[in-house]
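Let's take a walk through this structure, one piece at a time. Have the viewer open so you can click along.

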Protein chains: 2
Amino acid sequence: MNGPESMYKASQRPEAEAQRRTLERLESVCRSRGRRVTRQRRAVLRALLAQGGALTAYELLERLRVEDGHSTPAGVYRALEFWMAAGAVHRLQSTRSFILCEHPEAPHPGQLLICRECGQVVETQDKGVASAAHRLGERLGFVFDRHLVELTGVCGPCRARGRAAEAECRHA
Amino acid sequence: MNGPESMYKASQRPEAEAQRRTLERLESVCRSRGRRVTRQRRAVLRALLAQGGALTAYELLERLRVEDGHSTPAGVYRALEFWMAAGAVHRLQSTRSFILCEHPEAPHPGQLLICRECGQVVETQDKGVASAAHRLGERLGFVFDRHLVELTGVCGPCRARGRAAEAECRHA
DNA sequence: CCGCGAAATGATACATTGTATCAATCAGGG
DNA sequence: CCCTGATTGATACAATGTATCATTTCGCGG
């Protein structure tokens, strides 16, 4: 979780670099399929990247309107749908929001782990869950083409914080 | 899947009996927690039971209005929320709809298998999926209290129908 | 370079889904 | 009976998502 970037202490430099590369990668995937990368679509991607987490369509809309006053819901949804089709964005059904895909090259059925405290979302491609789902389908005669797996709870750091606060309480 | 009831050939008799028992069971669970079983709540439960599958809140509303002209969205959602809290109804995020729980006594994290052809929804309590999810959480430090697992695809009968239609096509 | 056709956008209106609020009513215990 | 909390009614509204159609842009073949 903490590598060489810890020396930068929340500075934006290396993240910015990584973000630029992420953008490049997503855009090239898109172009290679003969689809256009437009200003609007890039704006949606950048907003999600900048957020570093999930945003609802209308939160996204607000941010786009800072730069482009005549963004519309339809436009935002079109861009989101576009990137979802490309596998670059996922929709979180639990929170009606959207988030950048962290594994855009791997089209496996994935899982989204959501911390209700800090809002963090971790995307995984767990073989165990995927294959258990597949086996379950086989047993019951189903063939799935869409896996919606969203696990909501509390992440490690937030649990630790919670326990600390609790202890605090007892001492007071 | 097919037991003694096949001799009735889609007659309503035994289902009606089973439904009555299901209602009783759900209502008693509810009463045992000191909550009231009211006309409105019972109506919602009965509509879902009669449907034998998923309904959106507004589809439900239409049906309730047949009997009670002044049902409102708020009322429907209140009843749904009530039964969801009791574990008797699940929300399908994939389709924004609601369905009776088939295992109201088992509070395990469950899965919903959805056939996109016929709309059938099968609810399971698969240990394999649940424990894979749990292990995944452990590996990443998460403790989950909400499992949203909806697997969408095509069920066995519908696949068979699909293949038959395809063959038909080739012969034409 | 031009112009064609597909892709994408703009603009508007609308559809669907879900909530907030607050007064009125109901159900059961003391 | 009256008190209290649960429930409903009624209304308005908030949040989320789509349909439509005219217009613009883009990439490409000529």
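What follows goes from the fold of one chain to the pairing of the two copies, then to the core, the DNA and a pair of backbone oddities.

Keep in mind that this is a predicted model. Start with chain A, whose secondary structure comes to six helices and five strands. Reading from the N terminus, the order of elements is α-α-α-α-β-β-β-β-α-β-α. Chain A has 172 residues, and 38% of them are buried. If you look at contacts in chain A between residues at least 6 apart in sequence, 44% join residues at least 24 apart.

Now bring in chain B. In general, two copies of a chain are related by a rotation about an axis and a shift along it. Here, a rotation of 180° with 0.0 Å of shift along the axis lays chain B on chain A, with an RMSD of 0.1 Å. The two copies are therefore related as by a two-fold rotation axis. Both copies also use the same surface, since 100% of the contact residues of chain B recur in chain A. Want a landmark for the axis? Go to Val149(B), which comes closest to it among the residues of chain B, with its C-alpha at 2.3 Å.

Next, the inside. As a rule, nonpolar side chains in soluble globular proteins tend to be buried together. The largest nonpolar core in this model has 28 residues, and the ones with the most contacts inside it are Leu113, Phe142 and Leu151 of chain A along with Leu113, Phe142 and Leu151 of chain B. Strand S3 (111–115), helix H5 (127–140) and strand S5 (143–154) each supply at least two residues of this core, in chain A and in chain B. Phe142(A) is a good one to click on. Leaving out residues up to four places away in sequence, Phe142(A) touches Gly137(A) in chain A, while its partners in chain B include Leu113(B), Ile114(B), Val122(B) and Val154(B).

On to the DNA. Which residues come nearest to DNA strand D? Of the 16 residues around the strand, they are Tyr58(A), Tyr77(A), Thr38(B), Arg41(B) and Arg78(B). Of the atoms of DNA strand D that come within 4 Å of the protein, 54% belong to sugar and phosphate. On the protein side, the residues split into nine charged, four polar and three nonpolar. Helix H4 (73–85) of chain A and helix H2 (39–51) of chain B each supply at least two residues of this surface, and H4(A) gives the largest share, three residues.

Some polar pairs are worth a zoom. A polar side-chain atom of Tyr58(A) sits 2.8 Å from a base nitrogen of DNA strand D, and one of Arg36(A) is 3.3 Å from a base oxygen. Arg96(B) goes for the backbone of DNA strand D instead, with a polar side-chain atom 3.2 Å from a phosphate oxygen.

Stay with Arg96(B) for a moment. Most residues other than glycine have a negative phi. Arg96(B), though, has a positive phi of about 50°. Arg96(B) lies in the loop between strand S1 (89–92) and strand S2 (97–100) of chain B, and at 41% relative accessibility Arg96(B) counts as partly exposed. Over in chain A, Arg96(A) has a positive phi near 50°, lies in the loop between strands S1 and S2 of chain A, and is partly exposed at 41% relative accessibility.

Note on methods
Residues are numbered from 1 along each chain as its sequence is written. Chains are lettered from A and ligands numbered from 1 in the order in which they are written. This is a predicted model: local features need pLDDT of at least 70, side-chain atom pairs count only at pLDDT 80 or more; totals for chains, interfaces and linings use all residues. Side-chain values use heavy atoms; hydrogens and water are left out. A residue is near a molecule or strand if one of its heavy atoms lies within 4 Å of it. A polar contact is a pair of N or O atoms within 3.5 Å; within protein, one must be able to donate a hydrogen and the other to accept it, and residues adjacent in sequence count only if both atoms are side-chain atoms. Helices (H or I, at least four residues) and strands (E, at least two) are DSSP runs, numbered from the N terminus. Ala, Val, Leu, Ile, Met, Phe, Trp, Tyr, Cys and Pro count as nonpolar, Asp, Glu, Lys and Arg as charged, and the others, Gly among them, as polar. Copies are superposed by least squares on the C-alpha atoms of residues with pLDDT of at least 70 in both. Contact means heavy atoms within 4.5 Å. A nonpolar core is a set of buried Ala, Val, Leu, Ile, Met, Phe, Trp, Tyr and Cys residues joined through side-chain atoms within 4.5 Å. Buried means under 20% relative accessible area, exposed over 50%, partly exposed in between (1.4 Å probe, protein chains only).
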